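Me: I have a protein model open and would like to learn how to read it. Could you take me through some of its features, step by step?

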Amino acid sequence: MKRHKKILCMAIFLFQLLWGIYATEVQAQETPAMIDQPIIWTENREQLILEYAQTHYGLSETHIVPQAVVVHWTAGDTWESAYWTFYHEDRGDGTLNVASHFIVDRDGTIYRLTEETALNRHAIGYNWCAIGIENVGGVDGKEDLTQEQLEANVQLIRYLHQKYPTIRYVFGHYQQDIARDSGLYIEHVDGYHSIKIDPGPIFMRGLRLNLENDGLIFYPEKF
Ligand SMILES: [Zn+2]
């Protein structure tokens with residue numbers, strides 16, 4: 001009887017040990033490598049965010065409950081140029097500057113610019129609920145995002161989805177109109193709209209093929 005107890009104890013111990021190793025492994029796989037590269041964040045930015053949220057959404061929030069991920073390209077050559085574009089708080093006209101939560105460089109390096117749940121101005125109608133990922137590339141509208149960027153975006157979106165189960169939708173900025181089907185679009189300023197082509201249907205197809213079994217909703221790449 002004693003011997004059985006001993007074996008049972010050892011079995012439990014081994015199970016706990018292996019489970020610990022397994023859980024650590026899974027966790028390590030789930031969080032992609034990323035570099036924190038914060039843009040300036042002061043009370044001034046928070047005030048500008050509040051004003052933007054009130055004007056465009058009728059909300060008094062500086063942070064979001066993420067429900068969507070919007071994927072972009074920077075239309076520039078370097079992550080630094082996008083970073084410095086987003087860095088400043090004011091757009092120059094007394095309103096909140098544009099910014100995204102992440103920039104993914106052409107080699108797949110992920111930079112995190114703000115808190116993941118900050119309200120950033122990157123997609124008209126969706127900033128109140130969407131995390132933005134910018135990808136370096138797309139100069140002159142050329143669909144040239146890299147395989148490394150695709151893999152980094154897949155890892156990043158998977159990580160965000162696991163961390164924020166409220167995320168249900170992934171769409172490209174150019175899909176902003178069809179994405180109104182999600183019911184997430186809100187805009188209180190009449191005529192505030194712009195035409196977008198980023199990050200192109202090829203990249204969105206790659207994301208859909210990799211992530212459509214993760215319980216995320218995508219839209220047709222072309223319509
Ligand atoms: Zn965009």
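Reply: Happy to. We will go from the overall layout to the helices and then to a few special spots in the backbone. Keep in mind that this is a predicted model.

Me: Let's begin with the layout. How many helices and strands does the protein have?

Reply: There are 5 helices and 6 strands. Following the sequence, you meet them in the pattern α-β-α-β-α-β-β-β-α-β-α.

Me: What share of the residues counts as buried?

Reply: To judge burial, we count the C-beta atoms around a residue: 20 or more others within 10 Å make it buried, and 12 or fewer make it exposed. Of the 223 residues here, 33% count as buried. You can also look at contacts: among those with a separation of 6 or more, 75% join residues 24 or more positions apart.

Me: Now a single helix. Which residues of α5 are buried?

Reply: Helix α5 covers residues 201-211, and its buried residues are Phe203, Met204 and Leu207. Look down the axis of α5: these buried residues fall within an arc of 95°, so they line one face of the helix. The face turned away from that buried side carries Ile202 and Leu209, which are exposed.

Me: What covers the buried residues of α5?

Reply: The cover includes β2 (68-73), α4 (147-163) and β6 (169-172).

Me: Why does Leu209 count as exposed?

Reply: Leu209 has 12 C-beta neighbours inside 10 Å, so it counts as exposed. Leu209 also lets you compare sequence with space: Leu209 and Val154 are 55 residues apart in sequence, while their C-alpha atoms are 10.0 Å apart.

Me: How do I describe two helices that pack together?

Reply: Two packed helices are described by the angle between their axes and the distance between the axes. In this model, the axes of α4 and α5 come within 10 Å and cross at roughly 50°. That angle makes α4 oblique to α5. The crossing of the two helices is right-handed.

Me: Which residues make that contact?

Reply: From α4 come Leu150, Asn153, Val154, Ile157 and Arg158, and from α5 come Phe203, Gly206, Leu207, Asn210 and Leu211. Sorted by type, the residues of this contact are 6 nonpolar, 3 polar and 1 charged.

Me: Let me try another helix. Which residues of α3 are buried, and what do they pack against?

Reply: In α3 (residues 79-87), the buried residues are Trp79, Ala82, Tyr83 and Phe86. Viewed down the axis of α3, they fall within an arc of 100°, so they line one face of the helix. These buried residues pack against the strands β3 (102-104), β4 (110-112) and β5 (130-135).

Me: And the special spots in the backbone? Which peptide bond is cis?

Reply: For that, read the omega angle. The bond from Asp198 to Pro199 is cis, with omega near -5°. Pro199 sits in the loop between β6 and α5.

Me: Where should I look for a positive phi in a residue other than glycine?

Reply: Try Ala75, which is not a glycine yet has a positive phi of about 60°. Ala75 lies in the loop between β2 and α3, and with 18 other C-beta atoms within 10 Å it is partly exposed. Then turn to Asp140, where phi is near 60°. Asp140 is in the loop between β5 and α4, and it is exposed, with 6 other C-beta atoms within 10 Å.

Methods. Residues numbered from 1 in each chain as written. Predicted model: local features only at pLDDT ≥ 70, side-chain atom pairs only at ≥ 80, totals over all residues. Helix = DSSP H or I, 4+ residues; strand = E, 2+ residues; numbered from the N terminus. Arc of directions from axis to C-beta. Contact = placed C-beta atoms within 7 Å. Axes fitted to C-alpha atoms, helices over the stretch in contact; angles between N-to-C directions. Parallel < 35°, antiparallel > 145°, perpendicular 65-115°, else oblique. Left-handed = near helix turned anticlockwise from the far one by under 90°. Nonpolar A, V, L, I, M, F, W, Y, C, P; charged D, E, K, R; others polar.
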